Amino acid sequence: MSSTTSTAPLAKLRTAIVEVLYPTSANILPDVCEGLGLAPGTRNEAMSSKRSYVMSRLNKLSSEDTVRIARRILVEQGGDYQLEEAADRLAEANGRVASDLVRRHIGRALNRFDLGGELDVLDLIREHFPIDLRPGKYGVMTTMAEDLQRHFIRNCDLDNEEVLDAIGAYDCSQRRFFAFLEAVVHPRTRAEAEQQAIVDALNPILGRDGFALMQKSKVSGYPVFTVQEVGTAYEAPADAVISEALAAFDEASVHAAWTKALERRATHPEGAITSARTLLETVCKHIIEDAGGSYGEKDELPKLYRTAAEHLNLAPDQHTEEVFKAILGNCQSVVNSLAGIRNKLSDAHGRGRKAARPLPRHAELAVNLAGTMATFLVSTWRARQDAKP
């Protein structure tokens, strides 16, 4: 960890360690502290002030060593919410963070779903937040658990967004917040279809700060998602250029298909490949219709592309110059390959047990190729329209 770590999280962690160790008898405090790796001292010193005894030794430690002491206390003496939070916040001080705004938008997005899924929602929350020990916000002398039981479970006065606010999800450590999201989409919590629906809803929001829920393992064949850093908003250099061109051509369907492909590119490769093909099919159909042509309802992407290319004078056999014939022929090959990879690797068809599964890099290739080809078609169409008298 960098030596430039903010002193505020470090001071809070030192205070949290002091408070956890304070109930220890002064007679044994020096031995306990030395066992944790703190400098030795005398019982008389500890008798004078237990807080000063511990703090004077913590003040000499680096932030890394202070975190190490905190982790050891948590292992040896059991979990303490404040200490866990202080240690996590110091460890996260110089890393990438999900903003308060992103967290609140995630809470809003979760309003569409049953927060607890197949589990008791309060038990799910208890695994991450001490709701039985924290005071309530809506009653006199009540715990947070009692408040939630009354206002969330029995009377439905609170939605998921408000529940997350009440339990402190918007200002807790990032580790705790992400662990809670991972539990919400865990296979023990809900069925696979709803897992993916929540992942698809949350990833565009997480992506604004460079995170995504990504499948990293399986339990009995069911996907397990963890929050990973994936780069800010999944953006590659060409993404913005392609987005601008496609939005100008058709915001409702063409740009929507491109956006969906981008959102799934790093987190749902199979769906991203399907969206990439949908993007090209939509662009081709729009161009054919605008050019006064027609297509069959069962026409596949290769045929749609050939028809659109003919309207745009992009078919290889419409040119005599060999270099143009080669380039345009390669464009046709790219489209045919995208159709093939979609049939083999996307989520559009059922597959056997041994079928190959796409990785994010395969989805990135398919989406980027589709975006480039779609932009080429749109740009050619607009150039031809502008050239008309």
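Select N313 to begin: at 31% relative accessibility this residue counts as partly exposed, because the class covers values between the 20% and 50% limits. The model is a predicted one. N313 sits in the loop between α16 and α17 (322-345). Check the backbone here: phi of N313 is positive, about 60°, although the residue is not a glycine. Most residues other than glycine have a negative phi.

**Back into α16**

Step back from N313, which comes just after α16, and select the helix, residues 301-311. Which residues of α16 are buried? They are L301, P302, L304, Y305, T307, A308 and A309. Colour them and look along the helix axis. An α-helix has 3.6 residues a turn, so residues three or four places apart point the same way.

**The hairpin**

Next select residues 211-219 and 222-229, which are strands β1 and β2. The two strands pair in the antiparallel sense, with eight bridges. For a cross-strand pair, show L213 of β1 and V227 of β2, which stand opposite each other. In a regular strand the side chains alternate between the two faces of the sheet.

Now move to the turn. The hairpin has two residues between its strands. S220 belongs to the loop between β1 and β2, and its phi is near 55°, a positive value in a residue other than glycine. Is S220 buried or exposed? S220 is exposed, since its relative accessible area is 72% and the exposed class begins over 50%.

**α10 and the loop that follows**

Select α10, residues 160-167. This helix is mostly covered, with six of its eight residues buried. The buried ones are N160, E161, V163, L164, A166 and I167. To see what covers them, add α7 (100-109), α8 (121-126), α9 (144-154) and α11 to the display. The buried residues of α10 pack against these four helices.

Follow the chain past α10 to S173, in the loop that leads to α11 (174-184). Although S173 is a loop residue, its relative accessible area is 0%, so S173 is buried. Which residues does S173 touch, leaving out those up to four places away in sequence? The contacts are E85, D88, R89, E92 and R103. Show these side chains together with S173 to see the surroundings of the loop.

**A272 in α15**

Go to A272, in helix α15, residues 269-290. A272 has 0% relative accessibility and therefore counts as buried. Apart from residues up to four places away in sequence, A272 touches A261, R264, R265, A363 and V367. Select these five and A272 as one group. For a distance across the model, draw a line from the C-alpha atom of A272 to that of A193. The two atoms are separated by 16 Å, and the residues are 79 apart along the chain.

**P40 between α2 and α3**

The last single residue on the tour is P40, in the loop between α2 (29-36) and α3 (43-48). P40 is exposed, because its relative accessible area is 56% and the limit for that class is 50%. Exposed as P40 is, it still touches E34, Y53 and R57, not counting residues up to four places away in sequence. A line from the C-alpha atom of P40 to that of T15 spans 19 Å, for a pair 25 residues apart along the chain.

**Zooming out**

Clear the selections and show the whole protein chain. Its secondary structure comes to 18 helices and two strands. Aligned on the principal axes, the C-alpha atoms fill a box of roughly 100 × 50 × 50 Å. The radius of gyration is 28 Å, while a compact globule of 389 residues would have a value near 21 Å.

Colour by accessibility: 46% of the 389 residues count as buried. The chain exposes about 19,600 Å², and carbon and sulfur atoms supply 51% of that area. Among contacts with a separation of 6 or more, 63% join residues 24 or more positions apart.

Finally, colour by charge. There are 47 positive and 53 negative side chains. Where do the centres of the two sets lie relative to each other? The centres lie 3 Å apart.

Methods
Residues are numbered from 1 along each chain as its sequence is written. This is a predicted model: local features need pLDDT of at least 70, side-chain atom pairs count only at pLDDT 80 or more; totals for chains, interfaces and linings use all residues. Side-chain values use heavy atoms; hydrogens and water are left out. Buried means under 20% relative accessible area, exposed over 50%, partly exposed in between (1.4 Å probe, protein chains only). Contact means heavy atoms within 4.5 Å. Two strands pair if DSSP finds at least two bridges between them. The radius of gyration is taken over C-alpha atoms; the globule rule is 2.2 Å times the number of residues to the power 0.38. Accessible areas come from the Shrake-Rupley method with a 1.4 Å probe; for residues, only the protein chains shown count as cover. Lys and Arg count as positive and Asp and Glu as negative; His and the chain ends are not counted. The place of a charge is taken as NZ of Lys, CZ of Arg, CG of Asp or CD of Glu.
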